[in-house]
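Biologist: I would like to learn how to read a few features of a model. Please give the general idea each time, then the case at hand.

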Amino acid sequence: MLIVRPAGPSDLASLMELAVLSGRGFTSLPEDEATLLNRLTLSETSFGGAIAPREAWYTLMLEDSETGRIEGLGGVRAAVGVARPHFSFRVMTLAQFSSAINTRFDHKALVLVNECAGWTEVGSLYLRPERRSGGAGSLLARSRYMLIGTERQRFSETVMAELRGYFAPDGTCPFWDGVASKFFRLPFDEADHMVMSTDGQFILDLAPRHPIYVELIDTAAQEAIGRVHVEGEAARAMLEHEGFRGSGLVDIFDGGPTYSVPRDSIRTIERTEVLAAMKGDPADAPERLVSTASIGGFRAIRTKVRIEEGIAVLDGEAIDALRLKSGEMVRVRQ
């Protein structure tokens, strides 16, 4: 059985392995043990409730209960832009008109903004390539929304997701090469690593302060604006299924799009109810997404659930996987 559970420092080796597999441009998974250990420690503290809600960053591991192997991870950051600004480019249309020649020109431009401050971010969704079928990705992705739904007051009324931007087959990033590198003047990998391993002051110091006219940048960079990495198309489809839509914001490094949705409009949150769990035989009941009903010790699985008179009947394996006692509450997605 696949189980989604909280991550902690003991998961460092597995997280490092996934970071290596994820490849370039996966900002939240740098190949740096110290940075990843800090994140896992923060996750443990967040699930334990020993940190202010807005500072929490929950990391979830997808574990195969039979082998013990970690097959993927996902994350929920309670609020971005709290300690420092969270910069994006907004793709805007700037209109200019000349009465002398009675002509109007519309120019698309990239404008540096800090609009996401305080938003909750779902991200870090990554699975081993061999696990990207059979529902594992859906379980992991939706578990993040189940987590948010357990205690909504801990999270923002707006939820965002940043998708990795486009990389060419030769491994280059057209948006970085054509736009961002002109300001940061670092190799992409070094700048990407600094986002997670430093306080990001270099972004505040070096990011462009004035609009960048899209017509003035090269064609490859123009075409990369808002384009998703080939490995991110499935993630985008799952986001759209949950109600996320493009926000008009793109990442300042790779040009990947930012999607957003009102928290309470997320489909998984809307369609989840809280029921008392009871051990029994679910028989031929349909499989559903089920999670514990609190953040502390959060766990989620997909299993057969028979619902009757406010009771969720689960088999013994499911009860054990969720570490439940009979009568405890669970959240079930309809």
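Modeller: Start with burial: Ser-22 has a relative accessible area of 3%, which counts as buried because the class is under 20%, with exposed over 50% and partly exposed in between (1.4 Å probe, protein chains only). Ser-22 belongs to helix α1 (residues 12–22), where helices (H or I, at least four residues) and strands (E, at least two) are DSSP runs numbered from the N terminus. The model is predicted, so local features need pLDDT of at least 70 and side-chain atom pairs pLDDT 80 or more, while totals for chains, interfaces and linings use all residues. Residues are numbered from 1 along each chain as its sequence is written, and side-chain values use heavy atoms, without hydrogens and water.

Biologist: Which residues of α2 are buried?

Modeller: An α-helix has 3.6 residues a turn, so residues three or four places apart point the same way. In α2 the buried residues are Thr-35, Leu-36, Arg-39, Leu-40, Ser-43, Ser-46 and Phe-47. They lie on the same side of α2 because they cover an arc of only 135° around the axis, taken from the directions from the helix axis to the C-beta atoms. Helix α2 (residues 33–47) has 15 residues and spans 21 Å from first C-alpha to last, close to the 21 Å expected (1.5 Å times one less than its number of residues). Gly-49, with a positive phi near 75°, follows α2.

Biologist: Which residue other than glycine has a positive phi near 55°?

Modeller: Most residues other than glycine have a negative phi. Ser-124 has a positive one, near 55°, and so has Arg-323, near 55°. Ser-124 sits in strand β6 (residues 120–127) and is buried at 10% relative accessibility. Arg-323 is in the loop between α10 (316–322) and β16 (329–333) and is exposed, at 65%.

Biologist: How many disulfides are there?

Modeller: A disulfide is a covalent bond between the sulfur atoms of two cysteines. With the criterion of a pair of cysteine sulfur atoms within 2.5 Å, the count is 0. For Cys-116 the nearest cysteine sulfur, that of Cys-173, is 19 Å away. Cys-116 is buried, at 0% relative accessible area, and Cys-173 is buried, at 3%.
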